[in-house]
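Colleague: I'd like to understand how the contacts around bound molecules get their labels. Could you take me through the reasoning?

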Amino acid sequence: MEIRVLPLPEERKKTKYTDESQLGFGKLFTDRMLVAEWKAGQGWVDARIEPYAPFSLDPACMVFHYAQEIFEGLKAYRWEDGTITLFRPEMNARRFNRSAARMCMPEVPEELFLDGIARLVSLEREWIPSSPGTSLYIRPTMIAVEPMLGVKPSNHFYFYAILSPVGAYYAAGFNPVSILVEDKYVRAVPGGTGEVKTGANYAASLKSGLEAKEKGYDQVLWLDGVERRYIEEVGAMNMFFAYDDRIVTAPLAGTILPGITRQSVLLLAQELGYKVEERQIDVDVLMAEIKEGKVTEAFGSGTAAVITPVGKLCYKDECVQVGSGGVGCITQKLYDTLCGIQTGKLPDTFGWLRKID
Ligand code: PLP
Ligand code: COI
């Protein structure tokens, strides 16, 4: 499919950031965006890269009322020698289309997703930061734009991708966060939308996140929605617990996001000589094992969060420190290895990187 590149007038160019240490997460956006439309009876039409600008949308658009929306998150990295790479973008393309199928939205041809993003990143290469811990975050999105108040799948969609130069997702950077295990609200139930990346999952989590913040915690750890007993995931990352040289994470059973970082960590950990287990984790057992010192480390994994150490876990008013409360050895090793591969400092033995021309 042809992707037109529209001119970027000089006056539409934004002033670039000057201090990479102040980027934060998702606050700045680059000069251009990728857009394509899908119309019933026509399929995908008019793919283009155009100057970044607000959309003009009818207030009746279905996305505003019934949240028919999906998104993805991936990153581009600038190496010291100027090489630009994407990390496993085809995994995001596939997950995006699984989300689309669940949300009754059209699949985006992988070629449009991958080539469109590669060309957009290439055009916007000057925006990619290069200091440690920074990258260009890519946010592919699809929204329902048919103006219609009946509840049914839309007949018109926009697919678009925007770019944001970012630093660490959590303000504390690569430092341990404190996590509250949520025992009042639930995020997902079997048969629901927990395993797809749709905005409504995140809207439904806001209340819990806010209440946790008010109590002084950084993040919420969700339990399964039926028994409220088994560990699921955190709002923007999958969770891992280390027992000496063994790393345990919750299984993919339909209610958590199948994280691309999660899958990469499972492979990397095995390559580094750790044992890995995907199994149900009972929260009461976990809390006891942390207290007994059997759980030596905890960390989360995600595109935005990379590898985030967890220093403290609280459940039903009981707080326990995980290991030393600092950054554990395995957490550090996995962080260094993953970032090393992404930034070209370590060999890409799994063939995960896609170079951008
Ligand atoms: N779980 C949730 C709910 C997320 O939003 C994310 C972020 O994308 C993840 C897990 C981690 O997924 P990934 O590693 O693919 O970024
Ligand atoms: C990502 O890590 O890409 C995510 O989508 C998390 C996001 C909610 C910030």
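Modeller: Happy to! A polar contact is a pair of N or O atoms within 3.5 Å. Keep in mind that this is a predicted model.

Colleague: What makes the pairing of T261 with ligand 1 a polar contact?

Modeller: An N or O atom in the T261 side chain is 2.5 Å from an oxygen atom of ligand 1. The cut-off is 3.5 Å, so this pair counts as a polar contact. The protein also covers 97% of the 380 Å² of accessible area that ligand 1 has on its own.

Colleague: Which other side chains pass that test with ligand 1, E233 and K197 being the ones I have in mind?

Modeller: For E233, a polar side-chain atom lies 2.6 Å from a nitrogen atom of ligand 1. For K197, an N or O atom of the side chain is 2.8 Å from an oxygen atom of the ligand. Each value is within 3.5 Å, so both are polar contacts.

Colleague: Why is ligand 1 said to sit in the largest pocket?

Modeller: A molecule sits in a pocket if more than half of its atoms lie within 2 Å of the pocket's grid points. Ligand 1 meets that condition for the largest pocket, so the wording applies. Elements giving two or more residues to its shell are β11 (231–234), β12 (237–243), α6 (260–271) and β15 (297–302).

Colleague: How do you know that Y137 makes a polar contact with ligand 2?

Modeller: A polar side-chain atom of Y137 lies 2.5 Å from an oxygen atom of ligand 2, and K197 has a polar side-chain atom 2.7 Å from an oxygen atom of that ligand. A304 uses a polar backbone atom instead, 2.8 Å from an oxygen atom of ligand 2. These values fall within 3.5 Å, so the label fits Y137, K197 and A304. Taken alone, ligand 2 exposes 290 Å², and the protein buries 89% of that.

Colleague: Why is ligand 2 described as lying between domain 1 and domain 2?

Modeller: Because domain 1 (4–166) and domain 2 (177–342) both give residues to the shell around ligand 2. That shell includes F25, Y137, K197 and A304. By class, it has seven nonpolar, two polar and two charged residues.

Methods:
Residues are numbered from 1 along each chain as its sequence is written. Chains are lettered from A and ligands numbered from 1 in the order in which they are written. This is a predicted model: local features need pLDDT of at least 70, side-chain atom pairs count only at pLDDT 80 or more; totals for chains, interfaces and linings use all residues. Side-chain values use heavy atoms; hydrogens and water are left out. A polar contact is a pair of N or O atoms within 3.5 Å; within protein, one must be able to donate a hydrogen and the other to accept it, and residues adjacent in sequence count only if both atoms are side-chain atoms. Accessible areas come from the Shrake-Rupley method with a 1.4 Å probe; for residues, only the protein chains shown count as cover. On a 1 Å grid over the protein atoms alone, a cavity is a set of points where a 1.4 Å probe fits but cannot get out, and a pocket is an open set with protein on both sides within 12 Å along at least five of seven lines; lining residues have an atom within 4 Å of a point. Helices (H or I, at least four residues) and strands (E, at least two) are DSSP runs, numbered from the N terminus. A residue is near a molecule or strand if one of its heavy atoms lies within 4 Å of it. Ala, Val, Leu, Ile, Met, Phe, Trp, Tyr, Cys and Pro count as nonpolar, Asp, Glu, Lys and Arg as charged, and the others, Gly among them, as polar. Domain bounds come from an automatic or database domain assignment.
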